[in-house]
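Hi,

Here's the structure I promised to pass on. Have a look at it first, and my notes follow underneath.

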Amino acid sequence: MGNSYLRPDYIFESSWEVCNKVGGIYTVLSSRAKTLQDEMKDRIIFIGPDFWKENESPYFKEDASLLAEWQWAAKEQGLKVRVGRWTVPGEPIAVLVDFNPYFEQKNEIYGWLWENYQVDSLHAYGDYDEASMFSYAAALVVESYFNFAVERGVFTHATKVVYHANEWMCGLGALYINNKLPQVGTVFTTHATSIGRSIAGNQKPLYDYLFAYHGDQMAEELNMQSKHSIEKQTAWHVDCFTTVSDITANECKELLDKPVDVVLPNGFDNSFVPKGATFTRKRNAARRRLLEVANALLGESLDDETIIVSTSGRYEFRNKGIDVFVEAMNRLLRDRDLKKKVLAFIEVPGWVGEPRKDLQERLKKGGQYDCPLDVPQVTHWLHNMSHDNVLGMMKYYDMHNRKEDQVKVIFLPCYLDGKDGILNMSYYDVVLGNDLCIYPSYYEPWGYTPLEAVAFKVPCITTDLAGFGLWANKEFGHMGTLKDGVKVIHRTDYNYSEVADSIKDTVADFSNMSKKEIDECRKKADALSKKALWSEFIAYYHQAYDIALRKAMQRTNTPQ
């Protein structure tokens, strides 16, 4: 099917998360970069925000020789850019642009946006201005490069160029390109609708009433008018509107009144998943370290027979299902079918203060301890101990990791970057130490965490409200079970309690499995992850580029 697609000669892609690790979109772009770079050979150019004034971005390597002539031309036009390579597999070209100079023209830019596209920027607050100025600057970079390449004869009227904007933050730039460079095909990807995330985050039932919610009206009610407005108008005016899963496609149709043209599922690049003996060594090291930390904190001697489970992701207590995870672990405490001890980690960055000195002392000394430290539920002190959702819920349920408890729950409230002061291992080095990963999301457009888990051969539990969970069901041809490597739980607006029970039962079932059955689960998880590699999913991007290019050609009467 892919052979008749029009292929772009150049792709420009902008996102707030280019060379800037904030959330899941960083993983989407940085892991996809290698596949596109292999195809495009430096004709894909990523554009990100340059706010690395004092500290250099750890993800960017400047190189003055790249696009050197254009760099001069851009500087003469007053654009403040730095060109280099994004230090991820494939090392694609990245242009970081300083967007601060455009704040002075903010009102004129917003005026232009209103006149041409009826985007309401009047209610802007928070990150709307910053994102919009970056988006505008990113579009100026593309305009400058495009005109430069035309002047030099590098681009002719037959050169096929695509501009791909990610999230509402890059909407303004997509509309600018649409207006000023009609010969460029525009693609817009919303990874989650701003209004859908907001409805879910405000404890409102999202799914049962999706057909009845009116996006514009909800935006007003939730004070989201400007973000919703730019997202909706971009969706309507670009050449190809996309999102990352069937579940979010439904949200777009209902809340933005615009069906998507293509669904672009998020793939994975497994080039850094260790193989063979290295995998086994790393898995053993992760388990050893997790048990050492737990034993020092709890004054226990948990051994390798312990089932290690975890949840992780952004600290969205309800959306990511962290509340259900705690609930399930609390119920597991009293489950007669549980045959082994369970050590459950919540690896979610909170408002972290500092690593615990008393825990560091014990870890340094080594040895066994038979009494727990104070507050044996947390590895790092938090700034808001008394207002933290995880600790609050554990306190409410009287979960104090007592000696007799079969299930111990530990909150690791920091980024696992290898330098947290306690675990000192990176997330990918930790994740493979788990027996089971649990992500009971309520709002999850795609779901990288379960995909990462299965790529590291760890079976996981997710829900059918996560794009990944729906995709897994489609691959299996039925609701995923633990024996498939991914257990997919049916989740609705109202069945919180059943979901918690289902997690509890699944962990209890796992504790009764033989080594042979567990190995089989791990094989199945691994096999599923192979179907979600970028090499499999990149075809959807080619479809999106094709749609955008054909529309641009119609607009400019270029023969196809």
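The second largest pocket holds about 490 Å³ of space. By pocket I mean an open set of points on a 1 Å grid over the protein atoms alone, where a 1.4 Å probe fits and protein lies on both sides within 12 Å along at least five of seven lines; lining residues have an atom within 4 Å of a point. Points are joined across faces, edges and corners, and the volume is the space filled by probe spheres set on them. Of the 20 lining residues, Arg283, Asp435, Ile518, Asp519 and Arg522 are the closest to the centre. Two elements, helix 10 (276-298) and helix 18 (515-530), give two or more residues each to this lining, and helix 10 gives the most, with six. The lining is made up of eleven charged, five nonpolar and four polar residues (Asp, Glu, Lys and Arg count as charged; Ala, Val, Leu, Ile, Met, Phe, Trp, Tyr, Cys and Pro as nonpolar; the others, Gly among them, as polar).

Before you read on: this is a predicted model, where local features need pLDDT of at least 70 and side-chain atom pairs count only at pLDDT 80 or more, while totals for chains, interfaces and linings use all residues. Residues are numbered from 1 along each chain as its sequence is written, and side-chain values use heavy atoms, with hydrogens and water left out.

Now the cores (sets of buried Ala, Val, Leu, Ile, Met, Phe, Trp, Tyr and Cys residues joined through side-chain atoms within 4.5 Å). In the largest, which has 83 residues, Trp86 and Val486 touch the most other members. A second, separate core has 62 residues, including Ala137 and Phe241. Beyond its neighbours within four places in sequence, Trp86 is in contact (heavy atoms within 4.5 Å) with residues including Glu17, Tyr26, Phe46 and Pro92.

Helix 17 (residues 496-511) has 16 residues and should span 22 Å, at 1.5 Å times one less than its number of residues; its end C-alpha atoms are 23 Å apart, which agrees. Helices are DSSP runs of H or I with at least four residues, strands are runs of E with at least two, and both are numbered from the N terminus. Among the buried residues of helix 17 are Val499, Lys504 and Phe510 (buried is under 20% relative accessible area, exposed over 50%, partly exposed in between, with a 1.4 Å probe and protein chains only).

Last, a backbone oddity: Gln203 has a positive phi, near 65 degrees. Gln203 sits in the loop between helix 6 (194-201) and helix 7 (215-221) and is exposed, at 55% relative accessible area.

Cheers
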